[in-house]
Protein chains: 4
Amino acid sequence: MIAISDRVRFVETDLMGVVHHANYLRWFEMGRVAYLRAAGVELNELMAAGYIFPITEVQCKYKNSAKFDDEFEIQTTMLAFSKAKMNFSYAVVRKGDGLVLAEGKTQNVFTNMAGKITRLTDEYYNKIASLYDQERSVTTK
Amino acid sequence: MIAISDRVRFVETDLMGVVHHANYLRWFEMGRVAYLRAAGVELNELMAAGYIFPITEVQCKYKNSAKFDDEFEIQTTMLAFSKAKMNFSYAVVRKGDGLVLAEGKTQNVFTNMAGKITRLTDEYYNKIASLYDQERSVTTK
Amino acid sequence: MIAISDRVRFVETDLMGVVHHANYLRWFEMGRVAYLRAAGVELNELMAAGYIFPITEVQCKYKNSAKFDDEFEIQTTMLAFSKAKMNFSYAVVRKGDGLVLAEGKTQNVFTNMAGKITRLTDEYYNKIASLYDQERSVTTK
Amino acid sequence: MIAISDRVRFVETDLMGVVHHANYLRWFEMGRVAYLRAAGVELNELMAAGYIFPITEVQCKYKNSAKFDDEFEIQTTMLAFSKAKMNFSYAVVRKGDGLVLAEGKTQNVFTNMAGKITRLTDEYYNKIASLYDQERSVTTK
């Protein structure tokens, strides 16, 4: 599990006084970026190599409301990985008391610039697989 | 099914050249507002009456990319309804050719301002139930 | 002056209970798109022709708060125009009572994909200049 | 000058491949929050005390495009301060090479929950004035 921290922005709230639910998808995205970075893969590099990685599926369960200025952690875990797609799960957790704010899952595929499904080269695949395997061995021990 | 139309805003795109996936949750929300309005219930009125209606769950499957300036329809259907919660499904469809861009589901509960689960009064319940029943009878005929 | 109408989205509010001020820039953008469309120029076409039109300057004065579900009009006027840049002014006005919510100005330049300042071809220039001239003659009569 | 750092989010880009210009207003807001925090004033506390602080004016000049994943600094300086309003200026600067991405200014007033212009109590005023004076003395030395 790769964790990053951030703080709720004012603009992320809505008139119910809490974080608007769509923002969690943006936070999940930040978690994915951090996960791939931890694996040694920069999204800018992937795009320069001609890859695009559209989201094909997302789900989120909202457990507790986040408020303006709350500090939170985005915890990202890879659930499944192949040269054609990536599945992640996420927990957004309030710092301090560890309250779970939301949990979610996403699926990305890899495509080329024309939108055609594409497979990762070994270079990228091996970097990501290496972190994925290492994380799984930690979890299942 | 209640349908509203809109057009992709420039700001809704991202550097992959298509609509960022988080925007679909905003569009679903517009669909819910329109559904309740069609039932004679304004969200501003509900809030003035002390109700809040946080999203507890959302899921979305992305079928095809939406592009800047695409005209689309948000089609909203109520899946389940009680005094304590509402479940909706949505299809976002490109105008002109009817291509399905995304499909999703949400669940809302009703709470009071303090976040405590609350039940709708008969007045609101009956208005929404009336549209829900009417829609279901159309669908199942 | 070219006018389009829209309605405040729930997601556009913040915890002060009114529209977050950054959204007005998105609305101005919608006004620009509508203005150019009225001139017969589609942004998608301009981009396909290799033009990019980054904002170089924006200003906005906020007069009155917009609330969730308010219907409003974005009124867009071209202030200055050359083959190298466009200046617009905007008023966002609440429907019904005509209350001015905000007024603003923007400047765009034209660049190529590499970010180099570029000049519009006559084809695009003439279309936009034609609407600009027509509008000015109406205003100054 | 109070500085905070962040990184461009994927969702903050648009189809021109760079950060959408409206995001800078969100970044300025983060800068203001940080400035007030440095003065010992939390916005949540101000709101709990019945203050609202709507933006009445904003301007921004865009100097260079920010790209996805760029690390940047938001540098916030208070330009003027009274019990009735605050004026700030901002520079958004790319880390590493110090390239200025944008510069801007904002004005906030203080109102009560009903939107009526209000003056800060001495408690809040003195905290903010103390940082403001300290910063100005540094600048003018």
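Helices and strands are named here as DSSP runs, a helix having at least four residues and a strand at least two, with numbering from the N terminus. The model on screen is predicted, and the tour below passes from one helix to a single chain and then to the two sheets.

**Stop 1: helix H1 of chain C**

Select residues 23-38 of chain C, the helix H1(C), whose 16 residues reach 23 Å from the first C-alpha to the last, close to the 22 Å expected at 1.5 Å a residue. Colour its buried positions next: these are C:Asn23, C:Tyr24, C:Leu25, C:Trp27, C:Phe28, C:Glu29, C:Gly31, C:Arg32, C:Val33, C:Tyr35 and C:Leu36. Moving on along the chain, select C:Gly40, which follows H1(C) and has a positive phi, near 90 degrees.

**Stop 2: chain A as a whole**

Show chain A alone, where three helices and five strands can be picked out, arranged along the sequence in the pattern β-α-α-β-β-β-β-α. The radius of gyration of chain A is 16 Å, close to the 14 Å that the globule rule gives for 141 residues, so chain A is as compact as a globular protein of that length. Along the principal axes, its C-alpha atoms fill a box of roughly 45 × 40 × 20 Å. Of the 141 residues of chain A, 36% count as buried, and among contacts with a separation of 6 or more, 69% are accounted for by residues 24 or more positions apart.

**Stop 3: where chain A meets chain B**

Bring chain B back into view and select the interface, in which 17 residues of chain A are in contact with 17 residues of chain B. On the chain A side, helix H1 (23-38) and strand E2 (55-62) each supply at least two residues, and the largest share, eight residues, comes from E2(A). By class, this side of chain A has nine nonpolar, five polar and three charged residues. Now select residues 55-62 in chain B as well, since E2(A) and E2(B) pair in the antiparallel sense over five bridges; within that pairing, A:Lys61 stands opposite B:Glu57.

**Stop 4: the sheet of chains A and B**

Widen the selection to the strands of both chains, and ten of them appear as an open antiparallel sheet in the order E1(A)-E3(A)-E4(A)-E5(A)-E2(A)-E2(B)-E5(B)-E4(B)-E3(B)-E1(B). E1 (2-7) of chain A and E1 (2-7) of chain B stand at the edges, each with a single partner strand, so one side of each is left without a neighbour in the sheet. Neighbouring strands here are turned by 20 degrees against each other on average, direction ignored. At the chain B edge, six bridges join E1(B) to E3(B), residues 71-81, and the two run antiparallel; B:Ser5 has B:Glu73 as its bridge partner there. Then add H1(A), which packs on the sheet, touching E1, E2, E3, E4 and E5 of chain A, with its direction at about 65 degrees to that of E3(A).

**Stop 5: the sheet of chains C and D**

Turn to chains C and D, where ten strands form an open antiparallel sheet in the order E1(C)-E3(C)-E4(C)-E5(C)-E2(C)-E2(D)-E5(D)-E4(D)-E3(D)-E1(D). Its edge strands are E1 (2-7) of chain C and E1 (2-7) of chain D, each of which pairs on one side only, and the twist averages 20 degrees from one strand to the next. Select residues 85-94 and 100-109 of chain D, the strands E4(D) and E5(D), which pair in the antiparallel sense over nine bridges, with D:Val93 opposite D:Val100. Finish with the helix that opened the tour: H1(C) packs on this sheet, touching E1, E2, E3, E4 and E5 of chain C, and its direction makes about 65 degrees with that of E3(C).

Note on methods:
Residues are numbered from 1 along each chain as its sequence is written. Chains are lettered from A and ligands numbered from 1 in the order in which they are written. This is a predicted model: local features need pLDDT of at least 70, side-chain atom pairs count only at pLDDT 80 or more; totals for chains, interfaces and linings use all residues. Two residues are in contact if their C-beta atoms, placed from the backbone, lie within 7 Å. Ala, Val, Leu, Ile, Met, Phe, Trp, Tyr, Cys and Pro count as nonpolar, Asp, Glu, Lys and Arg as charged, and the others, Gly among them, as polar. Two strands pair if DSSP finds at least two bridges between them. The expected span of a helix is 1.5 Å times one less than its number of residues. A residue is buried if 20 or more other C-beta atoms lie within 10 Å of its own, exposed if 12 or fewer, and partly exposed in between; C-beta atoms are placed from the backbone. The radius of gyration is taken over C-alpha atoms; the globule rule is 2.2 Å times the number of residues to the power 0.38. Axes are lines fitted to C-alpha atoms, for helices over the stretch in contact, and angles run from 0 to 180 degrees between N-to-C directions.
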